[in-house]
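User: I am a first-year student and would like a close look at one part of this model. Please start with a single helix and what surrounds it, then move outward to other details.

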Amino acid sequence: MQRRSLIAAAAFAATVPLAHSAAQAQDFPPKKPVTLVVGFAAGGSADSAARVIAKKLGENIGQSVVVDNKPGAGGHLAHAQVASGAADGSVLLFGSIGPLTIAPHFMNVRYDPLKDLAPVTMGVSFPNVLVVPASTGIKTLGEFVARAKREPGKLDFASTGPGSASHLAGELLNDVAKIDTVHVPYKGGAPALQDLLGERLTSFYAAPPTALPHIESGKLIPLATTGLTRPAYLPNVPTVAEMFPGFNATNWYAFLASAKTPKPLLDRWNQELVKVLNTPEVRESLLKHGQTAAPGTRDELGKFIAAEHAKWGRIVRERKITAD
């Protein structure tokens with residue numbers, strides 16, 4: 001009897017550290033600093049949205065949320081880092097369409113976007129806007145296409161990296177308009193915009209937050225937006241679809257975490273982020289940057305990413321798109 005009691009006591013003692021460890025793993029907010037990883041350079045659209053959201057999130061949970069910019073490989077380095085990183089709820093990813101649903105179809109990435117990353121909530125969505133320096137003299141999409149046909153291979157377009165939404169937008173326009181513009185990848189919207197303003201590029205499928213101030217100043221000419229409808233902040237700029245029906249290359253950023261993160265933590269982050277994204281001042285601030293808050297459930301985001309992954313995979317195969 002005494003021996004059985006000793007065995008039971010030993011077994012209970014062995015489970016205490018495990019139980020304590022599990023409880024610690026599900027602490028909320030995490031006891032160590034919270035990091036929001038962004039796969040693009042500071043100053044771009046992803047960075048600007050992440051900082052607006054991180055500030056309010058930190059206020060709500062009573063702990064600072066640090067934005068960590070990890071540019072490189074079109075955002076894939078950041079996605080790989082989070083996929084294999086801490087799973088205690090202290091690290092979130094501001095994931096994007098390219099690394100999650102496009103580039104994995106034609107690049108070797110160190111993560112499976114559907115298995116290694118867990119959805120938390122959609123963050124924001126928005127169309128890109130095709131802009132050119134005023135010095136080009138191009139004022140409409142029709143003029144851009146006409147010049148590209150007269151000078152095949154002479155015009156170029158910047159993107160935020162291989163496999164990004166801006167890359168696919170340019171490739172799709174090449175296909176539907178039967179033109180040949182050259183892809184020039186960057187590590188984010190800010191460096192691409194800098195070269196565009198310096199007139200070292202012909203065009204850029206820019207995110208509205210980075211382009212709007214320069215459109216307003218007259219330095220950049222907006223030719224078309226890449227969604228199916230005209231956004232409220234650019235009502236006089238046509239969509240590409242108005243000239244080429246069915247064209248759609250909408251951009252979005254979503255919150256994810258390591259797939260090993262405990263479900264209770266993922267659910268709690270969903271609650272906190274949805275609360276932030278529904279806050280009037282946050283929505284207004286994002287809209288001023290040309291972005292629309294789009295909070296939702298974890299299940300909705302998972303299904304959306306899977307559908308986008310299948311859609312862009314088909315387009316990559318059909319268009320024979322590569323990282324070059």
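Analyst: What follows starts at helix α7 and then turns to other parts of the chain. The model is a predicted one, and the values given here are computed from it.

Which residues of α7 are buried? They are Gly189, Ala192, Leu193, Asp195 and Leu196. Viewed down the axis of α7, these buried residues fall within an arc of 160°, so they line one face of the helix. The cover over them includes the strands β5 (129-133), β6, β8 and β9 (220-225), together with helix α8 (208-216).

One of the covering strands can be examined through a single residue. Serine 159 belongs to strand β6, which spans residues 156-159. Its relative accessibility is 0%, so serine 159 counts as buried; the cut-off for buried is under 20%. Apart from neighbours within four places in sequence, serine 159 touches Ser164, Ser166, His167, His183, Val184, Pro185, Tyr186, Ala192 and Phe204. Ala192 in that set is also one of the buried residues of α7.

After α7 comes glutamate 199, which has a positive phi near 60°. Glutamate 199 sits in the loop between α7 (189-197) and β8 (203-206). With a relative accessible area of 53%, this residue is exposed, because the cut-off for exposed is over 50%. Lysine 178 also has a positive phi near 60°, and it is a residue other than glycine. Its place is the loop between α6 (165-177) and β7 (182-185). Lysine 178 has a relative accessibility of 64%, so it too is exposed.

Another backbone detail is found in the loop between α1 (2-25) and β1 (34-38), where proline 29 lies. The peptide bond from phenylalanine 28 to proline 29 is cis, and its omega is near -5°.

Phenylalanine 28 leads on to the aromatic pairs, of which the structure holds six. The ring centres of phenylalanine 28 and tryptophan 269 are 4.7 Å apart and the ring planes stand at 75°, so this pair is edge-to-face. The two residues are 241 residues apart: phenylalanine 28 is in the loop between α1 and β1, and tryptophan 269 is in helix α10 (residues 263-277). Tryptophan 269 is buried, at 0% relative accessibility.

A second pair is formed by phenylalanine 126 and tyrosine 253, with ring centres 5.6 Å apart and planes at 45°, so it is tilted. Phenylalanine 126 is in strand β4 (residues 117-127) and tyrosine 253 is in strand β10 (residues 250-258), so the pair ties together parts that are 127 residues apart in sequence. Phenylalanine 126 is buried, with a relative accessible area of 2%, and tyrosine 253 is buried at 5% relative accessibility. Both belong to one aromatic cluster, formed by Phe94, Phe126, Tyr253 and Phe255.

The last detail is a pair of packed helices. Two packed helices are described by the angle between their axes and the distance between the axes. Helix α2 (residues 45-61) packs with helix α11 (residues 280-288) at an angle of about 170°, and the axes are 10 Å apart. An angle over 145 degrees counts as roughly antiparallel, and α2 and α11 are therefore roughly antiparallel to each other. On the α2 side the contact is made by Ala49, Val52 and Lys56, and on the α11 side by Glu281, Val282, Ser285 and Leu286. These contact residues divide into four nonpolar, one polar and two charged.

Technical notes:
Residues are numbered from 1 along each chain as its sequence is written. This is a predicted model: local features need pLDDT of at least 70, side-chain atom pairs count only at pLDDT 80 or more; totals for chains, interfaces and linings use all residues. Side-chain values use heavy atoms; hydrogens and water are left out. Helices (H or I, at least four residues) and strands (E, at least two) are DSSP runs, numbered from the N terminus. Buried means under 20% relative accessible area, exposed over 50%, partly exposed in between (1.4 Å probe, protein chains only). Contact means heavy atoms within 4.5 Å. Axes are lines fitted to C-alpha atoms, for helices over the stretch in contact, and angles run from 0 to 180 degrees between N-to-C directions. Angles under 35 degrees count as roughly parallel, over 145 as roughly antiparallel, 65 to 115 as roughly perpendicular and the rest as oblique. Ala, Val, Leu, Ile, Met, Phe, Trp, Tyr, Cys and Pro count as nonpolar, Asp, Glu, Lys and Arg as charged, and the others, Gly among them, as polar. The arc is that of the directions from the helix axis to the C-beta atoms. Rings of Phe, Tyr and Trp (its six-membered ring) pair if their centres lie within 6.5 Å; planes under 30 degrees apart count as stacked, over 60 as edge-to-face and the rest as tilted.
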